[in-house]
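Biologist: I would like to learn how to read a structure like this one. Could you take me through some features, step by step?

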Amino acid sequence: MRILSIETSCDDTGVAILEVTKKGDFKVLSNVVSSQTTLGKKYGGVFPAMAKREHQKNLVPTLVKALKEAKLLNSKAGNKIPDFKNILEREPELEKNLVGFLKKYVNPEVDLIAVTNGPGLEPCLWVGVNFAKALSYFWNIPVVPVNHIESHILVNLLENPKVKFPSIALVVSGGHTQIILVKRIGQYKVLGETRDDAAGECFDKCAKILGLGYPGGPIISKLAGKAGATSDVAPLPRPMIGTKDYDFSFSGLKTAVLYADRKITKKTAQYKKEMASEVQQAIIDVLIKKTIKAVKDFKAKSLILGGGVSANKELRKQFKEALSTSGQVEVFVPTPNLSTDNGLMTAITGFYHLPRRQAGKKNTVAWKNISADGNLRIGK
Ligand code: KG4
Ligand code: ZN
């Protein structure tokens, strides 16, 4: 079967096509991400209304590129376009683009649409959800709604379908920081999460204070690598590192960077490197301490990392080092381009959520019943 996926939870527009063979092997036919980072860079962050507009513009070109790469794009003139029954009434630009697309191309040979329906920026999620509904209606194939946090976890199964459970997952992104007990695929319990800023948000805000640009995570990571062994920067706090729960708090870290920064009259390149390194290490220290506590407390057989921050090289390295001594716990990390938002993570999660007996059947999930939820939770 072939799954076409749509991901618009934040500022990346992702469309992927995943083929699952009869034997259950995964074959990635395409995974196209149109990133809005140039806009983010210009305005120093993500703004939902602006991001929504960009998704409307990007979705059809991204879909065309994904189908083309998968060799599933075939043109046919004169297709009849039905009335979309107001599915896209809030996305007029998208409707116009979609009508142009549908007039031009034959229905592709895909069996299922998977779409991220939360959590994330609600106006952005709705664009993707409504787009999926319109395609489902026109192509007459079912849609599966996908939880974005779960997809940050399950993307790891693409290369490692035999992860052992129970597992502890740490999802660290621009919007979320959660430690999740994964009893098995589909059974989750959030053990702890951030009480204020997410880890990625902390990277982004600290980078802004230091005048480094957006998104902050990759920039801080790069600078930190050049800092050298000694540092003149005073150590930053490690918020909540010693508490017995699995919760986090990162907003104090950003405030500490702000105060330290105010005291500095001349922000030299060396100061920025050393501060970047200290910010990165403070975040890593807290994430590792709390996550490994969860791994031990729940006797997990594996650790799964996911989300944009899991692309951080130092974080990946230090997690592997921290768990290598036990030798019992296998660590799974997605390749860096699958750590950040993409469509493939949505496709694989859609696959795991489709009851096997329904695979390939038409309209198993009614498009009318799918809605976006910015605060969608995972597990209990
Ligand atoms: O998962 P993601 O693409 O989007 C959300 O769902 O939020 O994560 C984006 C976040 C941003 O805050 C970005 O700064 C951070 O991931 N990030 C990184 C790195 N690459 C991206 N943080 C630290 N180190 C990186 N290499
Ligand atoms: Zn994400």
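Modeller: We will go through the metal site, the backbone and the helix packing in turn. Please keep in mind that this is a predicted model.

Biologist: Let's begin with the metal. Which residues coordinate the zinc ion (ligand 2)?

Modeller: The way to read a metal site is to list the donor atoms and then see where they sit along the chain. Here the zinc ion (ligand 2) is held by NE2 of H148, NE2 of H152 and an OD atom of D341, at 2.1 to 2.2 Å. Along the chain, these donors follow the spacing H-x3-H-x188-D. H152 belongs to helix α5 (residues 148-154), while D341 is in the loop between α11 (336-339) and α12 (344-353), so this pair ties together parts that are 189 residues apart in sequence.

Biologist: Are H152 and D341 buried or exposed?

Modeller: Both H152 and D341 are buried. Since α12 has come up, here is its burial too: eight of its ten residues are buried, so α12 is mostly covered. The buried residues of α12 are L344, M345, T346, A347, I348, T349, G350 and F351.

Biologist: Now the backbone. What should I look for there?

Modeller: Begin with what is usual and look for exceptions. Most peptide bonds are trans, and most residues other than glycine have a negative phi.

Biologist: Which peptide bond that leads to P119 is cis, and where does P119 lie?

Modeller: The bond is the one from G118 to P119, with omega near -10°. P119 lies in the loop between β4 (112-118) and α4 (122-139). There is also a cis peptide bond from F165 to P166, where omega is near 0°. P166 is placed in the loop between α5 and β6 (167-172).

Biologist: And what is phi of M240?

Modeller: M240 has a phi near 60°, which is positive in a residue other than glycine. Its place is the loop between α7 (216-224) and α8 (251-263). K299 is another non-glycine residue with a positive phi, of about 50°. K299 sits in the loop between α9 (269-297) and β9 (302-306).

Biologist: Why does M240 count as buried?

Modeller: Relative accessibility is what decides this, and the cut-off for buried is under 20%. M240 has 18%, so M240 counts as buried. K299, in contrast, has a relative accessible area of 67% and is exposed. The cut-off for exposed is over 50%.

Biologist: Let's turn to helix packing. How do α2 and α4 pack?

Modeller: For a pair of helices, read the angle and the distance between the axes, then the handedness, then the residues in contact. Helix α2 (residues 48-69) packs on α4 at an angle of about 30°, and their axes are 8 Å apart. That angle makes α2 roughly parallel to α4. The crossing in which α2 passes α4 is right-handed.

Biologist: Which residues of α2 and α4 meet?

Modeller: From α2 come P48, A51, K52, H55, Q56, L59, V60 and L63, and they meet P123, C124, V127, G128, F131, L135 and W139 in α4. By type, the residues of this contact of α2 with α4 divide into eleven nonpolar, three polar and one charged. A general point helps in reading such lists: an α-helix has 3.6 residues a turn, so residues three or four places apart point the same way.

Biologist: What is the angle at which α7 and α9 pack?

Modeller: α7 and α9 pack at about 115°, with their axes 8 Å apart. This makes α7 roughly perpendicular to α9. α7 passes α9 in a left-handed crossing. In this contact, I220, S221, L223 and A224 of α7 meet K272, K273, A276, S277, V279 and Q280 of α9. Those residues of α7 and α9 divide into five nonpolar, three polar and two charged.

Biologist: And how do α6 and α9 pack?

Modeller: Helix α6 (residues 199-209) and α9 pack at an angle of about 170°, with their axes 11 Å apart. α6 and α9 are therefore roughly antiparallel to each other, and their crossing is right-handed. A199, C202, F203 and C206 of α6 make the contact with V279, Q280, I283 and L287 of α9. The residues of this contact divide into seven nonpolar, one polar and no charged.

Notes: Residues numbered from 1 in each chain as written. Chains lettered and ligands numbered in written order. Predicted model: local features only at pLDDT ≥ 70, side-chain atom pairs only at ≥ 80, totals over all residues. Heavy atoms only, no water. Donors = N, O, S within 2.8 Å, 3.2 Å for Na, K, Ca; no water. Helix = DSSP H or I, 4+ residues; strand = E, 2+ residues; numbered from the N terminus. Buried < 20%, exposed > 50% of the residue type's maximum accessible area, 1.4 Å probe, protein only. Axes fitted to C-alpha atoms, helices over the stretch in contact; angles between N-to-C directions. Parallel < 35°, antiparallel > 145°, perpendicular 65-115°, else oblique. Left-handed = near helix turned anticlockwise from the far one by under 90°. Contact = heavy atoms within 4.5 Å. Nonpolar A, V, L, I, M, F, W, Y, C, P; charged D, E, K, R; others polar.
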